[in-house]
Amino acid sequence: MGSLNGFSEKSTKLLFDILSHAEPSVAGPRLGRLSLPRRKDVLTPDFFAVGSRGVVPHITPDVISAHTQFGGVHMALEDFIERATTGKPPVMNAPGTSPLNTFACLPSELFTLLAPRRTPAVASPNGNSNTAISTFTSTGFQVVSNKAYVSYIESIRPDIAVAFADVPHGTQPGTKRIAKMGDRTQEWLSQLLKEKVPDQAVFAPVLPIEYLDQAEYLNTVADDLADELSGLAFYDSNVLPEIPATTLVSRLPRLSLDEPTSPRQIIRQISLGMDIFTIPFIGFATDAGIALSFRFPRPLPDEIFPDNNGILPLGIDMWPASHATSVIPLATSCACYTCTYHHRAYLQHLLSAKEMLGWVLLQVHNHHILSEFFSAIRESIKKGTFEKDCDDFAKHYEPELPEKSGQGPRVRGYHYKSEGPFEAKKNKPAWGNLGGDSEEVIDPVPNEAADELEQKRFAEKMVT
């Protein structure tokens, strides 16, 4: 019988091997390998790209194959189940042994990770119930039961499924709510494990509350369910050090849904023993026109100049006109497709002209920077210099990404919840009246005199 990645051809089980760990009894960085037949092994720590409605924003599957190195894509069920009057969502009709991968047209070597909600999730006005959670689809909020979620998983067969979690996105739970969260999540997880198809990889959620508040649930996971689980999904990385290192669950891969907002937060979570990440700030930076420029553990010598005192930004804002004549790459010595074949002036032109190719090239570059970042971290852990290298990184880079200065691509309504009347428009008009401000709207009055129209700048005097 043939084999692939050490598996028999008939095996479909997800495996995770811990390749190195300084002290298994304490929290700390570790190296691992996530393996599944017909998928490319993922060496950890590493990240999965954040998907939106089945795609990685701005880049197509062929671009993913040719110019990215991430090992998988995070997708949300709520992206596929828009309210319909008849029939099933189209994703339910996808063919093949990996329907979700087929539906999204992803390269076959990539892992698919399915979670109930996207990251970051839009807060719902309606709370979860004992049997269902509230999701935000492209047509509004919709209640999805755990039973329905189990059936979706069975039909679309993601490589990894994150179980339902009673998480109050965007709000702080009260005392009564906290008391329910563990019980609900445990019941939903048990139902999924009982009804799932054989070898379906399931990650148990770890809730964003204190360890003691969910201790009973986590003890059940460790004592009774660990043999049936393939991993843990953390909504709060601060709970990770509290997980007993002596239990079977300490050998499981750990997925961060904690939404780190900067490389420093990623480094901190790795130092606690996190393995796989979803990193929304990659997409935020791309949409903002920011080219990530950091490297681990320190910048190259030619990137440090006396005028910056050795402190460098984590990214470069590509909107300022100062880039309009710059023919250097987005990041020094970056080997990505964008930096190899294009320069800052071209990117600045594309953004100014609202050409979507600008965001495509930025997305390729930013994912490459993160892949190189994680590769360097793995090498640092392997050499035993991770702690020192983390200190070097903190000395050379600013703690947070730069602020957005330009207008990104058009935002989609299903990513944002309306907060009430008199909200500013999410998409400002790119063009306005001739000679006027882009945001100013001038309505002419019928039969208005030419002089009055001229005062409203419908006409402009020629200056000679």
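Trainee: Is Cys334 buried or exposed in this model?
Mentor: Cys334 is buried, with a relative accessible area of 12%. Keep in mind that we're looking at a predicted model.

Trainee: Okay, and where is Cys334 in the fold?
Mentor: Look in the loop between strand E17 (315–317) and helix H8 (337–341).

Trainee: What does Cys334 touch, skipping its neighbours within four places in sequence?
Mentor: Cys334 is in contact with Cys339, His365, His368 and Ile369, once those neighbours are left aside.

Trainee: What does UniProt list under "binding site"?
Mentor: The unreviewed UniProt entry lists Cys334, Cys336, Cys339 and His365. They span 32 residues in sequence, but no two of their C-alpha atoms are more than 8.5 Å apart, so they gather at one spot.

Trainee: Where's Cys339, then?
Mentor: Cys339 sits in helix H8. Its relative accessibility is 8%, and under 20% means buried, so Cys339 counts as buried. Leaving aside neighbours within four places in sequence, Cys339 is in contact with Pro329, Leu330, Ala331, Cys334 and His365.

Trainee: And which helix holds His365?
Mentor: His365 belongs to helix H10. His365 is buried too, at 0% relative accessibility. Not counting residues up to four places away in sequence, His365 touches Ala291, Leu292, Leu330, Ala331, Cys334, Cys336, Thr338 and Cys339.

Trainee: Back to that loop for a second. What's up with the phi of Ser333?
Mentor: Ser333 has a positive phi of about 60°, although Ser333 is not a glycine. Ser333 is in the loop between E17 and H8, and at 53% relative accessibility Ser333 counts as exposed.

Trainee: Where else is there a positive phi in a residue other than glycine?
Mentor: One of them is His58, with phi near 80°. His58 lies in the loop between E6 and helix H1 (61–67), and His58 is partly exposed at 28% relative accessibility. Lys354, which follows H9, also has a positive phi, near 60°.

Trainee: Since you mention H9, which of its residues are buried?
Mentor: In helix H9 (residues 344–352), the buried residues are Arg344, Ala345, Leu347, Gln348, Leu350 and Leu351. What covers them includes E17, H8 and H10.

Trainee: New topic. How many residues are in the largest nonpolar core?
Mentor: That core has 97 residues, and those with the most contacts inside it are Leu189, Leu370 and Phe373. Helix H10 (residues 356–383) gives the largest share, ten residues. Another core, of 25 residues, lies apart from it, with Ile18, Leu34, Val42 and Tyr235 among its members.

Trainee: Why would residues like that end up together?
Mentor: As a general tendency, nonpolar side chains in soluble globular proteins are buried together.

Trainee: What does Phe373 touch, not counting residues up to four places away in sequence?
Mentor: Phe373 touches Pro263, Ile266, Ile267, Phe294, Phe296 and Phe393.

Trainee: Let's do strands. How many residues of E8 are buried?
Mentor: Five of five, for strand E8 (residues 111–115). Phe111, Leu113 and Ala115 point one way, while Thr112 and Leu114 point the other way.

Trainee: What does E8 pair with?
Mentor: Strand E7 (residues 72–76) pairs with E8 in the parallel sense over five bridges. Strand E11 (residues 160–162) also pairs with E8 in the parallel sense, over two bridges. Leu113 is a good residue to click on. Its bridge partners are His74 and, in E11, Ile160.

Trainee: Where are there cis peptide bonds?
Mentor: One joins Thr44 and Pro45, with omega about 5°. Another joins Thr119 and Pro120, with omega about 0°. Pro45 is in the loop between strand E5 (42–44) and strand E6 (46–50), and Pro120 is in the loop between E8 and strand E9 (132–137).

Trainee: Last one: is Glu403 buried or exposed?
Mentor: Glu403 is exposed, at 69% relative accessibility. You'll find Glu403 in the loop between helix H11 (386–396) and helix H12 (450–455). Not counting residues up to four places away in sequence, Glu403 touches Ile290 and Asp317.

Trainee: And how far is the C-alpha atom of Glu403 from that of Ala285?
Mentor: They are separated by 9.3 Å, with the two residues 118 residues apart along the chain.

Notes. Residues are numbered from 1 along each chain as its sequence is written. This is a predicted model: local features need pLDDT of at least 70, side-chain atom pairs count only at pLDDT 80 or more; totals for chains, interfaces and linings use all residues. Side-chain values use heavy atoms; hydrogens and water are left out. A nonpolar core is a set of buried Ala, Val, Leu, Ile, Met, Phe, Trp, Tyr and Cys residues joined through side-chain atoms within 4.5 Å. Buried means under 20% relative accessible area, exposed over 50%, partly exposed in between (1.4 Å probe, protein chains only). Helices (H or I, at least four residues) and strands (E, at least two) are DSSP runs, numbered from the N terminus. Contact means heavy atoms within 4.5 Å. UniProt positions are given in the numbering used here, feature names are shortened, and annotations may be inferred rather than shown by experiment. Two strands pair if DSSP finds at least two bridges between them.
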